[in-house]
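Visitor: Please take me closely through a single part of this model, the surroundings of the ligand, and then place that part in the wider chain.

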Amino acid sequence: MRDRVRVGVIGCGNISPQYFKWMATFRDLDVVACADLDGDKARARAVEFGVPRACSVDDLLADAAIEIVLNLTVPAAHAAVNLQILQAGKHAYTEKPFAVERADGQQVLELAAAKGLLTGGAPDTFLGGGIQTCRKLIDDGAIGQPIAATAFMMGHGPEGWHPNPDFYYQKGGGPMFDMGPYYLTALVALMGPVRRVTGCTGTSFAERTITNPKLRTGEKIPVHTPTHIAGVFDFASGAVGTIITSFDVWAHSCPRIEIHGTEASLSVPDPNTFRGPVRLRRPGDSDWTEVPLTHSEEVGRGMAVADMAVALRQGRPHRASGGLAFHVLDLMHAFHEASAQGQHLEIRSGVERPAALPVGLEPGTLDD
Ligand SMILES: NC(=O)c1ccc[n+]([C@@H]2O[C@H](COP(=O)([O-])OP(=O)(O)OC[C@H]3O[C@@H](n4cnc5c(N)ncnc54)[C@H](O)[C@@H]3O)[C@@H](O)[C@H]2O)c1
């Protein structure tokens, strides 16, 4: 049995319970400390999830036993905290997006490379049973040659449920930066990198009204970012992609993700989950057929941290890499810029498709 990799967590807010819960299920991870600007939050999470030590960010980074630090801070702090983690000589895995600006993400990648450390970023939902089953079907030729992909994430914004929805309507917010990482990461994991994009964006409402019945009801929020983004893009493989992300749509009946091949079409499950269903439809079929999953759905956020830990011990590449997260950040910016500039943009960041997960992994393991 190899040594477990000791992990520290910075940022103990809303999403952190998901990570604490699921990381405890992986054999190679040992979460030993957590920190937050708000010490009470760190202490509360430590008690809730049995983390041995709640401490300051500085103390966590000074702990020589910690190898990977998981950064669950707010998007605006992601790059700065990642740089701190790397400067402390530790591998860094961050929630999405990898950074707000490309230049900040690039700096993180460069520092990691210079120090020989790993970086990675969410989402890791593409490692779940649903999307890994889709990956296997594609790799096994079930749809023939993939020729097109569509992705739709549309709704009417978070002001009906989120306690403080303001940031969704600031620069760096909007539906593409909020939800695009799930859709684009899944598409790149399934279809490979993107080489060219164009897009159109709209800002349909100058202000939004909070309809959450409990808090700030009726308050107006000014809108400073596009809220409907339609993107068209070429994968390096030659397949054509379409994506719409919107906070302006009341209702729709578009599927989340579909991949169309020369031989069949594939219905990909919600990329914001680790689950199925996966469905296939071949020429002549009168309906979609659900396909049994080849990989486990009983996994959750933090799976990519476990993959990074195994990669460290085995000396192999990790799947949810900084390069993948940066490519997705590059695409999200490019859709907005292409619209503003009225042209196609070549994408300079490239990334390999992350390796497919093997079939038949024991629960809690990620050995290849
Ligand atoms: N909440 C969700 O449902 C959800 C889902 C998926 C992804 N995410 C992502 O997870 C990240 C965190 O989201 P959240 O909802 O948990 O936010 P949150 O505001 O609830 O928690 C963030 C925590 O980070 C702390 N923090 C901020 N800057 C810090 C710094 N420099 N050093 C130490 N601590 C710092 C804050 O005090 C806060 O406790 C975001 O990037 C978000 O996009 C959230």
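Guide: In this predicted model, helix α4, which spans residues 75–87, supplies the largest share of the shell around the ligand, namely three residues. The shell as a whole consists of 20 residues, and the closest of these to the ligand are Gly11, Gly13, Asn14, Ile15 and Glu95. Sorted by class, the residues around the ligand comprise 10 that are nonpolar, five that are polar and five that are charged.

Turning to the wider chain, the domain assignment divides it into domain 1, covering 5–121, and domain 2, covering 129–291. The centres of domain 1 and domain 2, taken over C-alpha atoms, are separated by 27 Å.

A helix pair elsewhere in the chain can be described as well, and for such a pair the usual terms are the angle between the two axes and the distance between them. Helix α6 (residues 129–139) and helix α7 (residues 174–191) have axes that come within 9 Å and cross at roughly 30 degrees. Because angles under 35 degrees count as roughly parallel, α6 and α7 are therefore roughly parallel to each other, and their crossing is right-handed. On the α6 side the contact is made by Ile131, Cys134, Arg135 and Ile138, while α7 contributes Ala186, Ala189 and Leu190. By class, this contact of α6 with α7 holds six nonpolar residues and one charged residue, with no polar residues.

How values were computed. Residues are numbered from 1 along each chain as its sequence is written. This is a predicted model: local features need pLDDT of at least 70, side-chain atom pairs count only at pLDDT 80 or more; totals for chains, interfaces and linings use all residues. A residue is near a molecule or strand if its C-beta atom, placed from the backbone, lies within 6 Å of it. Helices (H or I, at least four residues) and strands (E, at least two) are DSSP runs, numbered from the N terminus. Ala, Val, Leu, Ile, Met, Phe, Trp, Tyr, Cys and Pro count as nonpolar, Asp, Glu, Lys and Arg as charged, and the others, Gly among them, as polar. Axes are lines fitted to C-alpha atoms, for helices over the stretch in contact, and angles run from 0 to 180 degrees between N-to-C directions. Angles under 35 degrees count as roughly parallel, over 145 as roughly antiparallel, 65 to 115 as roughly perpendicular and the rest as oblique. A crossing is left-handed if the near helix is turned anticlockwise from the far one by less than a right angle, and right-handed if clockwise. Two residues are in contact if their C-beta atoms, placed from the backbone, lie within 7 Å. Domain bounds come from an automatic or database domain assignment.
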